[in-house]
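Work through the exercises below with the sequence and the model open side by side, and attempt each task before reading its solution.

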Amino acid sequence: MVKGTTFANSDKVIFDGSIELQHHINADGSMNVVLPLDTSGGSKALFILRVADNFESNRVNIRIKPQLDVFADQMMPGVSTILRGRAFVPGASVLINNQSIAAEVAASGKELTFTMIGFLNQGNSSLVSVQVRNPDGMLSNERSVSQAGVLEIPYRFGKNNLSFHNPNIGKPSFDTFKKTFGSSEVWHESFDPIFGHPMLTAAFFVFYTYFLKGKGDGGLATGFCTAMSAKVADNLWTNNVDITGIQEADIIEELTAIHGKLLSKESLIHFHDWGRTFADNVDYAIRSIETAFLRGCDRNNTPLLFFIPAGEVWDSEYFDKLSDSHCLYPYRFVYPKGHTGPKLSADALSTVNSLDGVKLYCYDCNNETNPDCFLEFSTVDGKLTYTYNKKQGFRLDKQITIGIMSNGAFTLADHDMPFNGPFGVLGFAMDFMLSPADIEITDELGLKAGHINGKIYSEIPGSHPCYLVPGAYLLPTGKNLTRKIRGTASGTYTFNSMMPNGAMIKLENIKTNIGDVDTILVTADNSQVRLTTQQNKDISLTISRIVDEEIRALTIKGLSLAANLDMDITISPDLSVCRIGNHQAVNHVSVIASVAREKDNVKSTNTQSIPLQVNSDLLVAFNDWKTTDFQLNMVPF
């Protein structure tokens with residue numbers, strides 16, 4: 001994956017001087033490229049050629065790791081042995097259990113010959129690890145010599161697994177928030193208690209905390225399986241130390257920060273797309289894991305396996321199925337008797353062998369003391385399906401599909417907050433509820449998103465229900481959208497809508513009952529908002545903007561929304577003027593203005609109040625945002 005800025009489909013990716021690579025631009029603006037399978041070892045240059053003006057980007061040097069193919073036969077001590085793979089460089093050596101042996105490279109870097117040493121003492125194990133090291137220090141993937149019928153990575157139960165059970169209580173904090181999304185994306189000033197109300201990042205932090213404190217503490221996360229699987233995977237391919245002695249209390253903050261990446265823009269889009277493709281996922285996902293094992297795993301490409309609720313328009317029970325969402329770390333394929341074993345396709349991008357009767361063993365943090373956890377595959381009506389021996393409900397006919405994500409993409413890559421625009425390549429609006437209510441969203445064409453008539457919709461192009469998070473949705477920007485908030489019980493709700501330009505609209509502590517409908521219309525440029533309700537109710541409204549690296553926010557308390565009468569709100573792009581149409585007499589409306597600038601540590605807050613008469617606008621006009629100097633006026637209409 002290549003990350004940068006302003007990639008276009010017409011760009012050319014030039015590799016190793018003159019080779020043009022195929023590429024695909026992802027939804028988040030990054031670019032996937034596929035290196036030629038016959039790329040030789042060493043260091044190669046890559047750059048982007050913009051076709052429109054023939055402009056070349058900066059060059060990035062890519063160091064090519066040698067890749068070791070599966071060794072199907074047993075190695076015999078003292079016998080000349082040929083290893084096959086690619087990107088071997090003259091002077092390369094073979095590592096047998098980390099002991100270096102001289103070797104000769106042939107067949108244009110695709111074969112390597114050496115004399116096998118005697119096996120080291122392996123106890124009850126007949127396995128030996130094999131790697132190739134090029135003269136520039138680049139190590140190949142590690143292979144384990146094993147009996148025929150097994151394809152595995154060097155994971156060992158009793159060493160590489162966490163031995164405590166999947167917890168249901170996390171430990172979210174501002175520190176874990178920074179570790180999840182990066183300090184550069186989290187502004188300290190947003191959390192300073194002098195402001196007295198949340199702004200853009202702070203609003204998302206409330207959501208982050210609510211999710212990650214876990215079911216056991218009244219939150220949403222049913223467990224921390226993804227974080228535990230990622231921790232196991234990352235340790236295996238870095239230190240490979242014994243982690244069975246680690247206790248939950250030792251790493252719960254680390255697990256919380258890792259698990260928080262499920263709330264990122266990248267993860268939400270990725271898992272929603274996997275759910276959409278449903279049954280076709282199983283064959284693709286399992287062959288992708290098999291291919292990674294065959295071609296060689298490392299810290300970046302080692303896959304995590306996910307059970308995901310499936311479908312495009314889900315039944316209302318979709319969010320109930322989220323408790324069935326789970327993550328495993330796969331480590332061993334076992335092929336049935338008579339199976340010819342795994343075989344790569346001609347282009348080495350997939351496998352072509354049968355998967356009927358094949359088992360895939362995985363680390364499962366819900367069964368932390370049991371290594372006998374496996375998926376078993378079978379072909380039904382031409383489609384690959386599966387069962388999981390530790391949970392009968394994990395199967396395709398129960399609408400649970402399979403997805404994958406590499407450890408590099410989940411654990412190691414940068415993750416953006418969903419609404420992130422200033423720091424990211426591409427942003428979304430994010431709506432979420434903390435309440436007994438559902439959101440129904442429609443665009444100008446009548447296309448739907450959200451929870452409508454008992455189903456979860458994502459008809460609006462670019463809309464995504466948030467994986468694992470009821471009542472939260474990613475929405476496209478630049479559209480006029482109508483939100484209907486429908487009460488599902490008696491109580492109060494808080495509605496948040498955050499946009500990539502730093503804009504936020506928040507309605508807080510709004511009373512609702514079963515069947516109550518409040519409507520929010522927001523224009524594409526976020527400059528006009530219309531609120532409508534079926535019942536008289538008081539509202540507290542927060543609006544924020546990021547302007548020239550300043551966080552500006554207004555909180556207006558004490559407004560009264562009249563039944564079946566529109567409250568129109570007009571907001572200038574820089575939040576210097578805000579005009580709110582008011583239909584009812586209000587004795588006391590308070591306005592709190594706050595501003596923060598990170599670069600020079602500017603912080604200011606100011607509070608004023610005013611009574612409003614019937615049918616009069618509240619006009620907030622700023623003289624100077626740096627000092628939060630503003631005027632309040634009542635303008636009859």
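## Exercise 1: The nonpolar cores

Once its neighbours within four places in sequence are set aside, I286 is in contact with L305, F333, L355, L360, F377 and I402, where contact means heavy atoms within 4.5 Å. The model is a predicted one, in which local features need pLDDT of at least 70 and side-chain atom pairs count only at pLDDT 80 or more, while totals for chains, interfaces and linings use all residues. Residues are numbered from 1 along each chain as its sequence is written, and side-chain values use heavy atoms, with hydrogens and water left out.

Task: find which residues have the most contacts inside the largest nonpolar core.

Solution. Begin with the criterion: a nonpolar core is a set of buried Ala, Val, Leu, Ile, Met, Phe, Trp, Tyr and Cys residues joined through side-chain atoms within 4.5 Å. Buried here means under 20% relative accessible area, exposed means over 50%, and partly exposed lies in between (1.4 Å probe, protein chains only). The largest such core has 60 residues, and those with the most contacts inside it are I286, F307, Y329, L375 and Y386. Another core, of 49 residues, lies apart from it and includes A437, L481, V586 and V595.

## Exercise 2: Aromatic rings and charges over rings

Task: explain why the pair of F333 and Y335 is classed as stacked.

Solution. Rings of Phe, Tyr and Trp (its six-membered ring) pair if their centres lie within 6.5 Å, and planes under 30 degrees apart count as stacked, over 60 as edge-to-face and the rest as tilted. By this rule the count comes to 16 aromatic pairs. For F333 and Y335 the ring centres are 6.2 Å apart and the planes stand at 20 degrees, so the pair is stacked. As for the surroundings of the two residues, F333 is buried at 0% relative accessibility, and Y335 is buried with a relative accessible area of 7%.

Next, look for rings joined by such pairs: F307, Y386, Y388 and F394 are linked into a cluster, and F307 and Y386 are also among the residues with the most contacts inside the largest nonpolar core.

Finally, look for charges over rings, which requires NZ of Lys or CZ of Arg within 6 Å of the ring centre and within 35 degrees of the ring normal. R59 lies over the face of F47, at 3.9 Å from the ring centre, and the charged end of K448 sits over the ring of Y457, 4.3 Å from its centre.

## Exercise 3: Strand pairing

Task: state in what order the four strands of the open sheet are arranged, and which of them stand at the edges.

Solution. Strands (E, at least two residues) and helices (H or I, at least four) are DSSP runs numbered from the N terminus, and two strands pair if DSSP finds at least two bridges between them. The order is β8-β9-β13-β12, with antiparallel pairing. β8 (67-68) and β12 (104-106) stand at the edges with a single partner strand each, so one side of each is left without a neighbour in the sheet. Within this sheet, β9 (residues 80-86) and β13 (residues 111-115) pair over five bridges, and S80 stands opposite T115 in β13.

Now turn to β36 (residues 550-561), of whose twelve residues ten are buried. β36 pairs with β35 (residues 537-547) in the antiparallel sense over eleven bridges, with D538 opposite S560. The hairpin of β35 and β36 has two residues between the strands, and D548 takes a positive phi near 50 degrees there. Eight bridges join β36 to β39 (residues 586-597), again antiparallel, and the bridge partner of I556 in β39 is V591.

## Exercise 4: Salt bridges across the sequence

Task: identify which parts of the chain are linked by the salt bridge of D298 and K65.

Solution. A salt bridge is a side-chain nitrogen of Lys or Arg within 4 Å of a carboxyl oxygen of Asp or Glu, and the whole structure holds 19 of them. In the pair of D298 and K65 the closest N and O atoms are 3.4 Å apart. D298 lies in the loop between α6 (280-295) and β17 (303-309), and K65 in the loop between β7 (60-64) and β8, 233 residues apart. D298 is buried at 17%, whereas K65 is partly exposed at 26%.
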